[in-house]
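Me: Please take a close look at one part of this model for me: the protein surface near DNA strand D. After that, work outward to whatever surrounds that part.

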There are 2 protein chains.
Amino acid sequence: MNKHDHTDVLINVKRELPGDEVLCDLSDLFKIFGDTTRVKILYSLFESELCVCAIAELLGMNQSAISHQLRILKDENLVANRRSGKTVYYYLADDHVRTIISMGYEHLTEKRETVKKEALQADE
Amino acid sequence: MNKHDHTDVLINVKRELPGDEVLCDLSDLFKIFGDTTRVKILYSLFESELCVCAIAELLGMNQSAISHQLRILKDENLVANRRSGKTVYYYLADDHVRTIISMGYEHLTEKRETVKKEALQADE
DNA sequence: CTATCATATGAATACACAAACATATGAATG
DNA sequence: CATTCATATGTTTGTGTATTCATATGATAG
């Protein structure tokens, strides 16, 4: 073997790496959070449950667009809904949503601080 | 106003909702995790730092594809690298990566258990 | 049971982006 | 300094998907 060899390291890594299906499910989950509209919807529901047209009004978007996204969120068990007459109220189905988003938020703010620091150092 | 009105609720929601830019950055961050290849790379780095071709070998993919993804991960400050001669070793730059992924993983396992329970109930 | 409001769904379009291919940079070795 | 190995980058192509428009379902009131 002339080119450099990684079999030793890879043995350990492979052992700890979850199966393909799990990793796909994981990225599929994060894909849900990887859309501005969906994040906005979820964040809005932090405060209180909302009906579809309220969300549409809030985000300045089509009712249809919101409905489509809510369906995706519901299919992934991130939101649930209850019907009251003609209107349907959506709410967060899971506290993990809050945690996951907060975690991302924290990462962002730390990153921003780092950028600030670097800018200050560059000024000196 | 005949159609139903949400101004009251929306006032509160609007007050707590972060600005557009923050929410975009947030979804952009999650978008990074929303790709199987990138999740696999990140998960691999949980164990130990790895050079590009080791990752390529591990995932059975092009070196080019891996490089492109590593660049994206680096731009988002999720991984960093060090050079040792010809080879470049990548490693996790931030412990948030572990937390975020673990959080997603946890959500998934709970969801799986719910599905199992439902299946059991359906059997009865 | 018809009209209207609230939501859902189907189809079409437009855009983003991952992977592959080709090629460039960059470091070490003889 | 030319060659080879390791990685990076530019470009293209195909696929996935968010949004919109049009329309369907579902519920209530008169």
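Reply: DNA strand D has 27 residues around it, and the closest are His4(A), Ser64(A), Cys51(B), Cys53(B) and Ser64(B) (a residue is near a molecule or strand if its C-beta atom, placed from the backbone, lies within 6 Å of it). Two or more of those residues each come from α5 of chain A and from α4, α5 and β3 of chain B. Helices here are DSSP runs of H or I with at least four residues, strands are runs of E with at least two, and both are numbered from the N terminus. The top contributor is α5(B), with 6 residues.

Keep in mind that this is a predicted model, where local features need pLDDT of at least 70, side-chain atom pairs count only at pLDDT 80 or more, and totals for chains, interfaces and linings use all residues. Residues are numbered from 1 along each chain as its sequence is written, while chains are lettered from A and ligands numbered from 1 in the order in which they are written.

Chemically, the surface near DNA strand D splits into 8 nonpolar, 14 polar and 5 charged residues. For that split, Ala, Val, Leu, Ile, Met, Phe, Trp, Tyr, Cys and Pro go in as nonpolar, Asp, Glu, Lys and Arg as charged, and the others, Gly among them, as polar.

One of the closest residues, Cys51(B), also has a spot in a sheet: its bridge partner in β3(B) is Tyr89(B). β1(B) and β3 (residues 87–92) of chain B run antiparallel over 2 bridges, where pairing takes at least two DSSP bridges between the strands. The whole sheet is open, with 3 antiparallel strands in the order β1-β3-β2 (chain B). Its edge strands, each paired on one side only, are β1 (50–51) and β2 (79–84) of chain B.

Now look over at DNA strand C, which has 26 residues around it; Cys51(A), Cys53(A), Ser64(A), His4(B) and Ser64(B) are the closest. Here α5(A) gives the largest share, 6 residues. By class, that surface holds 7 nonpolar, 14 polar and 5 charged residues.

As for the two protein chains, chain B lands on chain A after a rotation of 180 degrees with 0.0 Å of shift along the axis, at an RMSD of 0.1 Å. The two copies are thus related as by a two-fold rotation axis; the fit is least squares on C-alpha atoms of residues with pLDDT of at least 70 in both.

Where they meet, 46 residues of chain B are in contact with 46 of chain A (contact puts C-beta atoms, placed from the backbone, within 7 Å). On the chain B side, α6(B) provides the largest share, 10 residues. That side breaks down into 21 nonpolar, 14 polar and 11 charged residues. Since 100% of the interface residues of chain B are also interface residues in chain A, the copies meet through the same surface.

Stepping back to chain A, the order along the sequence is α-α-α-β-α-α-β-β-α. With a radius of gyration of 21 Å, well over the 14 Å that the globule rule gives for 124 residues, chain A is more spread out than a compact globule. That radius is taken over C-alpha atoms, and the rule is 2.2 Å times the number of residues to the power 0.38. Along the principal axes, the C-alpha atoms of chain A fill a box of roughly 70 × 50 × 25 Å.

Key. Two residues are in contact if their C-beta atoms, placed from the backbone, lie within 7 Å.
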